[in-house]
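Dear colleague,

I am passing on the structure we spoke about, so that you can have it open while you read. My notes on it follow directly below.

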Amino acid sequence: MSIPRRQFIKLSSLATLSAPFLVQGCSLDGKKGMTDNPAAEDIYRLFQEPPDRSRVFVRWWWNGDMLTEEEIIRELDIMKDAGIGGVEINPIKLPAGSDPVGYKALEWLSDEWVDMLQVTLKAARERGIICDTIVGSGWPFGGEFLDRVEQTQLMTFGTIDLEGPGTYRLSRKSLLEQVDPAIHSKYDQVHKEITEVRLIPASMNEFDPGKDLSGLLSDDEIHVEVPENNFVLYYLVKLTGFQAVINGAPGAAGPVLNHYNKSAVEKYLTRMSVRLHRSLGSLGDHFRAMFCDSLEMEGANWVDDLPEEFLKRRGYDLKPYLPFVLYKIGHMGNPVEEPYGTQFSPEVGKILERVRYDFYITRLELFRERFIDTFNDWCHSNNVSSRIQAYGRGYHPLDASMYIDIPECETWLRETVGTEFANTGWQGRAYSVINKFVASGARLAGNRMVSCEEITNTSMVFNASLETIKVTGDQSNLSGVTHSVLHGFNYSPPEAPFPGWVQYGTFFNEKNPWWPYFRLWSDYKARLSSVFQQAEPFADIAILHPLADMWMKFGPQRDPFPVVNYPEYQHNVWEAIQQNGFGCDYVSEQVLEEASFETGKMKYGTRNYTTLILLEVEAIRPESAEAIRKFAEAGGRIIFIGKLPDGSPGYLNHAENDRKVKETMGLVVDSNQQQVGVFRTPEGNMIAWFQDMARQFRLQSSLRIHNPHPFINQVYFRTDDLDIFFIANYSVLNPYFLSVKFDIPGKIPWLWDPETGQRKKIPSESAGGEMSLDFGPAETKLIVFDGDRDGEIMEKVETALGDPVAAEGPWTIRLNHVDGSSVEIQREELFDLNEDEQFRNFAGVITYRIEKVVQQPENFKFIDLGRVTGVSELKLNGESLGVRWYGNHRYPLTGRLKKGTNDMEIRVTTVLGNYMKSLQDNRTAQRWTSRQDYQPMGLLGPVVFYPGFDA
């Protein structure tokens, strides 16, 4: 085996050349330190020594609220040593099956609980750890103390097919029993009330509200006279207090709050702040932000004055249409997939779609005014920021994040992340479909803090490695995230049976074998965030989704897990744009209508777009259509995917509004044929599809990628002085070579290393823009263009001719298990522990020792350990050569080998997964690993000495 000779500018991680690794032993304003125009050297200083606000935070699950001062302080010390900069205090139910080991649960907001909160805040301040806290406990928030009128409401319905003529006797009790939505988190004290009964024809060619039989509701038994023909009895049922808080801790469990009820929201929030203020004083002296977790409201859609508000806002009465715009719902509030009710003609169906849109828009408006605005006002009156996961059926997926101080999305560690990447859909994606909406909304509002519930993990618990964590976090940054809140850190006393109290997540815990190396990743992540939080991501392409069409056709979706993607590729367009070197934001109709247009640009706040792409949009407001016309008139480029908008959403005056939209779109196309056009919908390769679009419409970018690949993506940030490109390979299996050209005149490219805080100047011959970039598995590069020309220059690297030499056994292998046992064995060859019944249940540290005789040490420049499933640490002749925790496990050898016998020791630290899967009697272990497969384990090799240096 030989290495071909090739000379190139090798932009590999500077950490591979760094000194051997040694294991290391607030500001309350989330925006403090983020200046509008930070100087280049100020950003670099932050990069070298990231502030606490830029470090990863953790969701700190206070499991069961079984709190003690000693344990709180112990865990804060562990987190501080690990490079964690902040905590989100999150009271939550004790995980199912956990042994409380004698501890007593403290009720949320009780005097004892607040005492422990004070201990936490004092200890956190002493350690420089920033604190947020969740409102309530679990999600969505609520509590046993809520009055009935304050509890969440769902308006739904039942249907019964009736054949006439005939008389039917139906008991109220049986009707109510039939309406029992199969939601995930039922509250057992739900109150059901039939509000309306109607007899409707079984088929409807013209809209007919049916015969109102509500006058019969006073009787326990309803007698229905059915004339000849087929009919459907619709009866509306209002469910109050139908949902229980998910994983609510004592004192904040019970029914969910009605977030459409402003007075109920105010009362709930005030109850919390008054109690805390009594002991703490101003909340802003202790907390950065108040947090609202996922509002997975399982279909909640009602407040008693909604019909009145609908009439006031939409200009017509909702009542005739209400039974037909609702859905029967099931798990997590998703519509059930079964035939029921009246069959509507296409014409009637279109009417109902329009009314359904109006119904949803009214709810969005009420939710914003009564919950989001109320929550913000409460936070600001208490001198803290608002932090909300502002998505799901109650929120506009983009606009809602524009109103939040610290908007938050979520990124998941899934089985396929790092190994697969489908052309469309979710497979291989860690970022959720909502991330780009949230990041875009934040940037449109001028907010640089884009928070993320990160490394959320329910499928790979105990099998998450630092490498997969890195790839997951890198994808998160590519989607626009600048602030990471890890999911999460479990409050768990040492005496809790192994592995402790585990709520969810990636087991960020000192009992995890790789925990001593965690800070390698947390420092890397902090340095990236310190830069991204000071910069503005570049985007000159705006994308408008067909949200109105989706809402009318399919109803609002349960983001970030929609049942329907409309169109199917809608969440993959931004990927293809960035994979080709461009930048983009999502926009909404509100943004279009509030933007200004001049000299070929659409301007909104600090954002400027030269191109607008509409994804198969059919229905659009006349005001939005007019905004598009103004953009085209100003010289903007407009690309319609598949079709032109030809109608409007909503019911009132829809014929006139449809006419206006069609007329305006005709003007846009006819008057601006050079900048405006319809482009085909994607079929097959998304990257190639966008390349064709860019060529046809002459789109230009500052980064031209000659050979884009699905596993490589980038995001481009700018400050007044710097142009910053973060480029990532999120494959854990394969290296990739990228040929690129940067168009950043007058500046010098530097490589900033997030692992070390070092920077080096890329040689001058690359400053013309053309570069060849080699990416090892899971490798990223932070390339920064700066006007500063002074500094250390990276060395050229030349691979050498020559034959590599494999390290051959016998190997002495010592296995130190996390259970305290230890064994030493001899093997001639390396092997996968998973394939050996004796060792497949291992977890811990494996030490491999071998002697290598070398006659000409100067011939060998580096060693490659081959495939390693975990963290590796290499010692040669007693000298540490460092640590590799992701990607290529390669170590430089120059000056380290000696003539004669060399003693080599390789330490491999594994994950816990295989061991946890073997613990058949451990309920926590089986809860998370029973559906996971056994994983490869150990040093698989081959271990090879190379004559060239390519680390």
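In the lining of the largest cavity, the greatest contribution comes from H8, which gives four residues. Please keep in mind throughout that this is a predicted model. The cavity itself has a volume of about 210 Å³, and of the 18 residues that line this cavity, those closest to its centre are Asn-301, Tyr-327, Ile-329, Arg-363 and Pro-556. Two elements, strand E5 (153-171) and helix H8 (346-381), give two or more residues to the lining. Sorted by class, the lining of the largest cavity has 11 nonpolar, four polar and three charged residues.

Helix H8 also takes part in a helix packing. The axes of H6 and H8 come within 10 Å and cross at roughly 105°, and because angles of 65 to 115 degrees count as roughly perpendicular, H6 is described as roughly perpendicular to H8. On the H6 side the contact is made by Leu-306, Glu-309, Phe-310, Arg-313 and Arg-314, while H8 brings in Asp-358, Phe-359, Ile-361, Thr-362, Arg-363, Glu-365, Leu-366, Glu-369 and Arg-370. Arg-363 is thus named in this contact as well as among the residues closest to the centre of the largest cavity. By class, the residues of the contact of H6 with H8 divide into eight charged, five nonpolar and one polar.

A second helix pair is found later in the chain, where helix H15 (residues 622-633) and helix H16 (residues 654-671) pack with their axes 9 Å apart and at an angle of about 10°. Since angles under 35 degrees count as roughly parallel, H15 is roughly parallel to H16. H15 makes the contact through Pro-622, Ala-625, Glu-626, Ile-628, Arg-629 and Ala-632, and H16 through Asn-657, Lys-660, Val-661, Thr-664, Met-665, Leu-667 and Val-668. The contact of H15 with H16 has eight nonpolar, two polar and three charged residues.

Two residues other than glycine have a positive phi, and it may be useful to read them side by side. For Asn-653, phi is near 55°, and this residue lies in the loop between strand E23 (637-641) and H16; its relative accessibility is 54%, and because exposed means over 50%, Asn-653 counts as exposed. For Met-332, phi is near 60°, and its place is in the loop between helix H7 (322-325) and strand E11 (343-344). Met-332 has a relative accessible area of 4% and is therefore buried, the cut-off for buried being under 20%.

There are also cis peptide bonds to look at. The bond from Gly-164 to Pro-165 is cis, with omega near 5°, and Pro-165 is found in strand E5, an element that also gives two or more residues to the lining of the largest cavity. The bond from Gly-941 to Pro-942 is likewise cis, with omega near 0°, and Pro-942 is found in the loop between strand E44 (938-941) and strand E45 (944-946).

Finally, here are three residues whose surroundings I looked at one by one.

Leu-295 is placed in the loop between strand E10 (289-292) and helix H6 (306-314), and with a relative accessible area of 5% this leucine is buried. Leaving aside neighbours within four places in sequence, Leu-295 is in contact with Pro-140, His-259, Phe-367, Phe-371 and Tyr-395. Its C-alpha atom is separated by 9.8 Å from that of Arg-558, although the two residues are 263 residues apart along the chain.

Gln-475 lies in helix H10 (residues 466-478) and is buried, with a relative accessible area of 0%. Apart from neighbours within four places in sequence, Gln-475 is in contact with Val-417, Gly-428, Arg-429, Ala-430, Tyr-431 and Tyr-730.

Gly-488 has its place in strand E15 (residues 483-490) and, at 0% relative accessibility, counts as buried. Once neighbours within four places in sequence are set aside, the contacts of Gly-488 are with Arg-59, Trp-61, Gly-505 and Phe-508.

With kind regards

Notes
Residues are numbered from 1 along each chain as its sequence is written. This is a predicted model: local features need pLDDT of at least 70, side-chain atom pairs count only at pLDDT 80 or more; totals for chains, interfaces and linings use all residues. Side-chain values use heavy atoms; hydrogens and water are left out. Buried means under 20% relative accessible area, exposed over 50%, partly exposed in between (1.4 Å probe, protein chains only). Contact means heavy atoms within 4.5 Å. On a 1 Å grid over the protein atoms alone, a cavity is a set of points where a 1.4 Å probe fits but cannot get out, and a pocket is an open set with protein on both sides within 12 Å along at least five of seven lines; lining residues have an atom within 4 Å of a point. Grid points are joined across faces, edges and corners, and a volume is the space filled by probe spheres set on the points. Ala, Val, Leu, Ile, Met, Phe, Trp, Tyr, Cys and Pro count as nonpolar, Asp, Glu, Lys and Arg as charged, and the others, Gly among them, as polar. Axes are lines fitted to C-alpha atoms, for helices over the stretch in contact, and angles run from 0 to 180 degrees between N-to-C directions. Angles under 35 degrees count as roughly parallel, over 145 as roughly antiparallel, 65 to 115 as roughly perpendicular and the rest as oblique.
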